[in-house]
Amino acid sequence: MPSRIVIVGGDGFCGWPTALHHSRLGHEVTILDNLSRRAIDEELGAQSLTPICSIEDRIDAWKEVTGNSIEFLNVDVSKDYDLFFSVLKEKQPKTLIHFGEQRAAPYSMKDPTRKRYTVDNNIGATHNILVALSHLATDVHLVHLGTMGVYGYDEAGIEIPEGYLTIFLKDGEGNMIERQILYPSQPGSVYHMTKVMDQRMFQYYAKNDNMRITDLHQGIVWGTQTEETRLDDRLINRFDYDGDYGTVLNRFLMQAASDLPLTVHGTGGQTRAFINIQDTVKSVALAVDNPPARGDKVKIMNQMTETHRVRDLAKIVSDITGSKIALVRNPRKEAIENNLSVSNKTLLGMGLNPITLAEGLLEETVEIATRYFDRVRTDTVAATAVWTADQRPGIVTEAALDRGKSIQ
């Protein structure tokens, strides 16, 4: 059933294709965005490999191609609460999709300025949204794009559940009491810390104000295009490859295209969860269509489709391109090696048919990297942010390389 949807952060990598998809489904879509992601490109001296039109040109192109209208309002949700609330009061949306957060862990660790900005922006935006929704006269479903990183990447030894962990405690008389708690959080950066704080705020407002909230704990997104962004070059999505915002696959592909070694942090034994951008869009739509009931606890879904070790991803790209692999010192403070088993039963049960790296990597991502290679800036590819003061860039020893190989 078509309805009104407000998308905070609808100009970004996940927000833009989500806005197009819901518009194509017949929803009345309004994007609220302060265009901060574009400003950060300027700040870093980086740019999307794909050329990104202005938000006005994007929206005009969408109208021209499909006949559907999307409204854009330049609103900083983290700062301008009164304007934000007035927009919600006017629009009376059925659903609010929240992408309005600084999303890069390396950027959040660069220096004190970026750490403070990430906290102020992310937590301010989320709390302003929760306050506004709790004071609206209508019942709005909040769908939030979270991260698998709230769980951390240490060795869990179990399949990570979808948000909640069942535990058993003894009462004063020795009887076992069953309780369900949020899975213990282990944030690995300031960015991930803000997402942990998000989910704590969601728990409070769902309980105190009977708000309907879905929190999507998403893995690393790969790929660029969706069915909607392919309709016209002016609609094309971002392809970030720089050391702060570039996903690991994009970074490897640009290094390969630039005849540079694929730089793998540490032994490359970090296991991560992944999802294709097309599946992200479909998963958000499934969440929108399946809200929790009013009074229910926060609905948490793990929005991922497969897991891979970083060194295995490097080998995939190396086999395709012939590029060499270089192990470099890991700038992050994390486990050297970890396994990762994650439950994603909810999305699969809703009918998501995942796109895997095995069937999708060559078909789309390499084509984008090749088509726009003339726009690449090789000086922005390397990751430069470090997690602690005692970490410095450098090449890992041959012994570490051998240890990495032996674990494969």
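The following paragraphs describe the nonpolar cores, one sheet and a salt-bridge network of a predicted model.

Because this is a prediction, local features were considered only at pLDDT of at least 70 and side-chain atom pairs only at pLDDT 80 or more, whereas totals for chains, interfaces and linings use all residues. Residues are numbered from 1 along each chain as its sequence is written, and side-chain values rest on heavy atoms, with hydrogens and water left out.

We can start with the interior. A nonpolar core is taken here as a set of buried Ala, Val, Leu, Ile, Met, Phe, Trp, Tyr and Cys residues joined through side-chain atoms within 4.5 Å. Buried stands for under 20% relative accessible area, exposed for over 50%, and partly exposed for values in between (1.4 Å probe, protein chains only). The largest such core holds 40 residues, and F84, L96 and L133 have the most contacts inside it. Two or more residues each come from strand 1 (4–8), helix 4 (81–91), helix 6 (112–135) and helix 7 (190–209); these elements are DSSP runs numbered from the N terminus, with helices being H or I of at least four residues and strands E of at least two. Helix 6 gives the largest share, seven residues. Leaving aside residues up to four places away in sequence, L133 touches L88, L96, V140, L142 and M211, where a contact is a pair of heavy atoms within 4.5 Å. A second core, separate from this one, has 31 residues, among them W16, L216, A287 and L352.

Turning to the sheet, three strands form an open arrangement in the order 9-11-13, with mixed pairing; two strands count as paired if DSSP finds at least two bridges between them. Strand 9 (220–222) and strand 13 (306–309) are the edges, each pairing on one side only. From one strand to the next, the twist averages 45 degrees. Strand 11 (residues 271–276) and strand 13 run antiparallel and are joined by four bridges; A273, for instance, has T307 in strand 13 as its bridge partner. Helix 10 (residues 310–321) lies across strand 11 and strand 13, at about 85 degrees to strand 13. Such angles run from 0 to 180 degrees between N-to-C directions, with axes fitted as lines to C-alpha atoms, for helices over the stretch in contact.

The charged side chains offer another view of the model. With a salt bridge defined as a side-chain nitrogen of Lys or Arg within 4 Å of a carboxyl oxygen of Asp or Glu, the count comes to 26. One network of salt bridges links R37, D41, R103, R238 and D240. Within helix 2 (residues 36–44), R37 and D41 sit four residues apart, about one turn of the helix, and their closest N and O atoms are 3.0 Å apart. R37 counts as buried because its relative accessibility is 13%, and D41 is likewise buried, at 9%.

R37 also meets D240 in a salt bridge of 3.2 Å, N to O. D240 lies in the loop between strand 9 and helix 8 (248–257) and R37 in helix 2, so this pair ties together parts 203 residues apart in sequence. D240 forms a salt bridge with R103 too, with the closest N and O atoms 2.7 Å apart. Since R103 belongs to the loop between strand 4 (95–98) and helix 5 (105–108), this pair ties together parts that are 137 residues apart in sequence. R103 is partly exposed, with a relative accessible area of 29%, while D240 is buried, at 4% relative accessibility.
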